[in-house]
Amino acid sequence: MAAIELAGVTVVFGGMTAVDDVGFSVEPGEIFGIIGPNGAGKSTTLNAISGLVPLTRGHVAINGSDVTGDPFWKRCQKGLSMTFQTPRSDENLTVAEQLLAQLRCAHHIRLGRGASKARARVHELLVATEMQDEASRLPGELTMGELRRFEFARAMGNRPKVLLVDEPSSGMTSDEAIMLVRSLRAIADSGVAVVVIEHNIPFIKSLASRLLVLDAGSVIEHGDTAAVLTSDVVKEAYLGTSTAA
């Protein structure tokens with residue numbers, strides 16, 4: 001069963017079609033990329049999956065459950081998690097404190113045995129995202145790459161089945177991007193379906209097994225990453241021959 005499935009997803013704003021008849025599915029443990037020029041409808045597609053924008057037409061399913069009419073919070077209860085283009089955090093709490101607070105709120109954990117399990121889970125999340133050395137630091141002390149990995153740790157707190165990621169490599173150094181790739185692969189290896197919007201072609205080429213290309217809200221190519229990036233229609237619409245090589 002697909003972890004996430006879209007069929008005929010269409011979003012219209014004020015008579016303008018932002019996303020037109022988009023459909024794809026992603027299996028558990030797969031990293032799936034969405035690329036396209038500015039204004040292609042990438043972020044709108046991600047927001048349609050999450051429920052942050054309503055569909056005009058189409059359907060979205062998570063683990064076989066139709067969530068088309070569900071709000072964002074209910075989709076999260078059914079296994080969805082999401083990170084945003086601009087990292088969001090509490091500047092007054094350390095990395096570990098924020099993760100612990102999130103787990104306690106989500107699971108109504110109080111002091112005692114439950115709190116010990118929560119602390120153990122925080123440690124797991126920090127190790128999985130290579131953030132254990134930053135556990136006692138405040139968000140303002142982190143690099144952009146560290147902030148992104150902190151976002152991944154928070155997104156994985158409730159053990160989601162699907163993770164949506166919006167342009168993670170933005171503002172990264174090459175070394176930070178490599179660590180980001182490792183973190184996303186580790187998340188996928190745990191069985192999570194990862195959907196990534198990205199503008200950095202070398203980054204997404206090293207990460208995703210399949211790509212979907214949007215242009216003006218419509219799908220112009222979809223398939224194996226290597227094949228998509230060498231497609232003439234993609235080169236013409238977005239990449240350019242030298243970029244795709």
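Is Asp-21 buried or exposed? Asp-21 is exposed, with a relative accessible area of 53%, which puts it past the 50% cut-off for that label. Keep in mind that what you're looking at is a predicted model.

## Two residues with an unusual phi

Let's stay with Asp-21 for a moment. You'll find it in strand β2, which covers residues 16-26. Its phi is near 55°, a positive value in a residue other than glycine.

Glu-130 is another one to look up. This residue isn't a glycine either, yet it has a positive phi of about 55°. Glu-130 sits in the loop between α4 and α5. With 28% relative accessibility, Glu-130 counts as partly exposed.

## The overall build

Now step back to the whole chain. The protein has 10 helices and 10 strands. Its radius of gyration is 18 Å, close to the 18 Å that the globule rule gives for 245 residues, so the protein is as compact as a globular protein of that length. Measure out the C-alpha trace along its principal axes and you get a span of about 60 × 40 × 35 Å.

Of the 245 residues, 47% count as buried. And if you take the contacts between residues at least 6 apart in sequence, 66% of them join residues at least 24 apart.

## A mostly covered helix

Helix α1 runs over residues 42-50 and is mostly covered, with seven of its nine residues buried. Among those buried residues are Leu-46, Ala-48 and Ile-49, but also Lys-42 and Thr-44. Right after α1 comes Gly-51, which has a positive phi, near 90°.

## The nonpolar cores

What are the residues with the most contacts inside the largest nonpolar core? They are Leu-184, Ile-187 and Val-194, in a core of 41 residues. Helix α6 (residues 174-189) gives the most to this core, supplying six residues.

Ile-187 is a handy one to click on. Leaving out residues up to four places away in sequence, Ile-187 touches Phe-152, Met-156, Leu-163, Val-192 and Val-194. Apart from this core lies another, made of 28 residues, and Ala-48, Val-53, Leu-80 and Leu-164 are among them. Ala-48 is one you've already met, as a buried residue of α1.

## The largest pocket

The largest pocket holds about 360 Å³ of space. It is lined by 15 residues, and the closest to its centre are Ser-81, Met-82, Gln-102, Arg-154 and Ala-155.

Which elements build that lining? α2 (72-77), β6 (80-83) and α5 (144-155) each supply at least two residues, and β6 gives the most, with four. By class, the lining of this pocket has seven nonpolar, five polar and three charged residues.

## The second largest pocket

The second largest pocket has a volume of about 280 Å³. Of the 19 residues that line it, Arg-121, Met-156, Ile-187, Ser-190 and Val-192 are the closest to its centre. So Ile-187 turns up again here, having already appeared among the residues with the most contacts inside the largest core.

Two or more residues of this lining come from each of α4 (113-128) and α6. The largest share, four residues, is from α4. Sorted by class, the lining of the second largest pocket divides into 10 nonpolar, five polar and four charged residues.

Definitions and conventions: Residues are numbered from 1 along each chain as its sequence is written. This is a predicted model: local features need pLDDT of at least 70, side-chain atom pairs count only at pLDDT 80 or more; totals for chains, interfaces and linings use all residues. Side-chain values use heavy atoms; hydrogens and water are left out. A nonpolar core is a set of buried Ala, Val, Leu, Ile, Met, Phe, Trp, Tyr and Cys residues joined through side-chain atoms within 4.5 Å. Buried means under 20% relative accessible area, exposed over 50%, partly exposed in between (1.4 Å probe, protein chains only). Contact means heavy atoms within 4.5 Å. On a 1 Å grid over the protein atoms alone, a cavity is a set of points where a 1.4 Å probe fits but cannot get out, and a pocket is an open set with protein on both sides within 12 Å along at least five of seven lines; lining residues have an atom within 4 Å of a point. Grid points are joined across faces, edges and corners, and a volume is the space filled by probe spheres set on the points. Ala, Val, Leu, Ile, Met, Phe, Trp, Tyr, Cys and Pro count as nonpolar, Asp, Glu, Lys and Arg as charged, and the others, Gly among them, as polar. The radius of gyration is taken over C-alpha atoms; the globule rule is 2.2 Å times the number of residues to the power 0.38.
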